[in-house]
Amino acid sequence: MLGKTAGGLFWMFRYLERSENTARLIETGFRIALTRPDGDEWTSVLQTASAADSYRERHGEIEQSAVIDFLLRDKENPSSVYNCIANARQNARLVRTALTREVWEAVNETYLEVSKSLARPVAERNLPEVLGQIRQYSALVSGALHGSMLRNDVFDFARLGTFLERADNTARILDVKYYVLLPSVGQVGSSLDNVQWETILRSVSGKRAYAWLHQGKVTPMGIADFLIFDPRMPRGLRFSMSKIRSNLAMLENSYTDRHHCHDTSERLDRMLQTGKVEEVFEDGLHEFLTEFLNDISRLGHEIETDYRFHG
Amino acid sequence: MSGNTEFFDELDGGGDGPRAPYAAYTRWFEGENLKDLQRKSIEAETFFRRTGITFNVYGQAEADERLIPFDIVPRIISAREWTRLTKGIEQRVRAINAFLHDIYHRQEILRAGRVPVDLIARNEAFLPQMIGVEPPGGIYTHITGIDLVRTGENDFYVLEDNARTPSGVSYMLENRETMLQMFPELFSKVKVRPVSDYPAMLRRSLGACMPVNASGDETVAVLTPGIHNSAYFEHAFLADNMGVELVEGTDLRVQNGKICMRTTRGYRPVDVVYRRVDDDFLDPLNFNPDSLLGVPGIFDVYRAGGITIANAPGTGIADDKAIYSYMPDIVEFYTGEKAILKNVPTWRCSDKESLAYVLDHLDELVVKEVHGSGGYGMLVGPAASKKDLNIFRKKLEAKPGNYIAQPTLALSTVPILTKAGLAPRHVDLRPFALFSPRGVEITPGGLTRVALKAGSLVVNSSQGGGTKDTWVLEDG
């Protein structure tokens, strides 16, 4: 496979994952704002989307409809849902020959339909429908991917993009809220502020799953453990990392060559398999997440170099 | 189905009832409901858009991806008509190759005085770097698109030979796919020769032209200028359907005397490159130094037998509009036979007497730039305003050698589906011929382009043209 094609696949699926994540962040922010109109949820949503500075430059004050528009459809915001989907499709065109007709058409249709919905500002009344549409199309693409693509290097690079982006996103969500999870003296084991934990779990579509697994006992450690170490949580760090590792292992097998990225992914995967949430809290959650985000970013660069994405 | 007495209508031919090739289709059509067909027509557009069969229009940044309108009424050619056309096309393709080989070697046609030396020597399309170069398998034009127009029952003319990088073949294939999806029952009533073999034929044909220093893998790749090129969809389509890599210049480099592509496992040799990049941009070291689309040094590798470039560099000298007027001579010179397909009479404005005639009859003629393409820089006299005529008059007087003129041809019509039902529109036809040491292979049919505006003679997609599925009927 061409290095350029591998890169195109990787970024196509990173962008698709990012668009879905941004849509989910908007959904969460909107939901919280409905129930707690006096809160300041939008600031942390912008931070999580790494868009706080660019938003302030453009709009100044935080204002719900402006934030939603900025995150959803602003062409000046590189991680707006519109831009992510347009970039995903641009990459899909670039790697058209590596995709099945089903996957290409799913991405193309996603772009055509979502850009139609985002052609004008979305009224709050229509927001749930538009966000639902984005999620549906994202499912359409991943369904087409799973149902029609050969399990070869093409598939591996697509999955690497998805899970690297996902791990990055979930770590960011946790990091923006880490102060909420930080147990102060006497707080360990006590209940958290409802809104805050709800935000975190909603942002990763994990509210119900968490409630099931923990019988409704919401604790800082419980949530951190769920998102970092629980192997069953598909948007969690451990799950994402184990997928990254196995997809890289698949490439190592089929290409019979080993690179830096293999060492890095194995180290991170082991760390998440054996780590304990208590230790993380002891050493500092923020420090842990900062280091993890750096590791993920380095792993991304290693994959790009090891598989010759660029000339 | 109204006919126009001035023009040959391929459906009714001016007689009573449909011409034979359209008989079965007409029977089917008469049993259909117009509203349903119009709905199908809209479905087709959705289908094309979803598939992403779009082309980019230069200079229009916004709406930069457009669909070429597709008309659901097929253009139908009988087996007998097709046999005659293919003989003419094959003859022409062989003559063009022989001409190219001669022009870049002994130049016997110039010595024999059949083509003026000046026309070659002072022609920008002539590539001196190709002199003495032997292309792998002796093939210059692996792919040729011959533009044909029809003016009567037995009158076909060649309008243009496209010997550089003819495009449109993906539309030929997708148009058929669309028709098969929309009207499966129609294909059980009318026996149409399939076109879907084209990518496999192209792959075989390119594979039969391995360079002297081929790698063991016989690797073929399609070279595209990139996703912003107007025909990018087609480049991806062909690579995909041949099962070969689609590369850009930045994916390639010279390594150990071979062109190699950067893969996830390192650099791997390429043996044949089907390039959709113009000569000028192919190699910044040998041609246009500012090109970012090509591969530095690819031409040196080519000369040393490390790679096959399809089509070969320098083929433009064969489809130049000034050379066009000599094609009947060229065919006769190399094949010893009279040209089967007719040439449109052409006035070369470089010639004083011709220029005088052209200026006198400007409102009757079509004037074309010698190096133009895509219907740009062209004057259709009978349709032009006084102002346009005057602008062209000045252009002709300033640089007569830049222009040729031809009579306005009475292009045949084929009906399209409009709101009011069937209505005749002018068409042309671009069949695609593949040439390799295995021989000439021509896919039955080709791309029919249709001028969608009533009365218009300009079929180019950039100027309001659309396309149709082209049927060649099975024998009997």
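**Exercise 1. Work out how much of the contact set in chain B links residues 24 or more positions apart, counting contacts with a separation of 6 or more.**

Solution. Start with the contacts in chain B of this predicted model that have a separation of 6 or more. Now keep the ones that join residues 24 or more positions apart: they account for 69%. For the backdrop, the secondary structure of chain B comes to 16 helices and 23 strands.

**Exercise 2. Check the radius of gyration of chain B against what a compact globule would have.**

Solution. Step one: take the chain length, 476 residues, for which a compact globule would have a radius near 23 Å. Step two: look up chain B, which has 23 Å, so the two agree. Step three: add the extents, and the C-alpha trace spans about 65 × 60 × 50 Å along its principal axes. Finally, check burial: 58% of the 476 residues count as buried.

**Exercise 3. Decide why helix α9 of chain B can be called largely enclosed by the rest of the structure.**

Solution. First find the helix: α9(B) covers residues 232-242. Next, go through it with the cut-off for buried, under 20% relative accessible area. The run from Tyr232(B) through Phe233(B), Glu234(B), His235(B), Ala236(B), Phe237(B) and Leu238(B) to Ala239(B) passes, and Met242(B) does too. That makes nine of the 11 residues buried, so the helix is largely enclosed by the rest of the structure. One last detail: Gly243(B), just after the helix, takes a positive phi of about 70°.

**Exercise 4. Size up the interface between chain A and chain B, then say which residues of chain A lose the most area.**

Solution. Begin with who touches whom: 28 residues of chain A are in contact with 25 residues of chain B. The area buried between the two is about 2400 Å², with carbon and sulfur atoms giving 46% of that. On the chain A side, the biggest losers are Leu2(A), Arg93(A) and Thr97(A), together 28% of what that side buries.

**Exercise 5. Take stock of the polar side of this interface, and find which element of chain A gives the most residues.**

Solution. Count the salt bridges between the chains and you get five. One of them pairs Asp251(B) with Lys4(A), whose closest N and O atoms sit 2.6 Å apart. Widen the search to polar contacts, and there are 15 residue pairs, both partners at pLDDT 80 or more. Then go by element: α1, α5, α6 and α13 of chain A each give two or more residues to the side touching chain B. The top contributor is α6(A), with six residues. By residue type, that side of chain A splits into 10 nonpolar, nine polar and nine charged.

Definitions and conventions. Residues numbered from 1 in each chain as written. Chains lettered and ligands numbered in written order. Predicted model: local features only at pLDDT ≥ 70, side-chain atom pairs only at ≥ 80, totals over all residues. Heavy atoms only, no water. Contact = heavy atoms within 4.5 Å. Buried area = accessible area lost by both parts, 1.4 Å probe. Salt bridge = Lys/Arg side-chain N within 4 Å of Asp/Glu carboxyl O. Polar contact = N/O pair within 3.5 Å; in protein donor to acceptor, adjacent residues only side chain to side chain. Helix = DSSP H or I, 4+ residues; strand = E, 2+ residues; numbered from the N terminus. Nonpolar A, V, L, I, M, F, W, Y, C, P; charged D, E, K, R; others polar. Rg over C-alpha atoms; globule rule 2.2 N^0.38 Å. Buried < 20%, exposed > 50% of the residue type's maximum accessible area, 1.4 Å probe, protein only.
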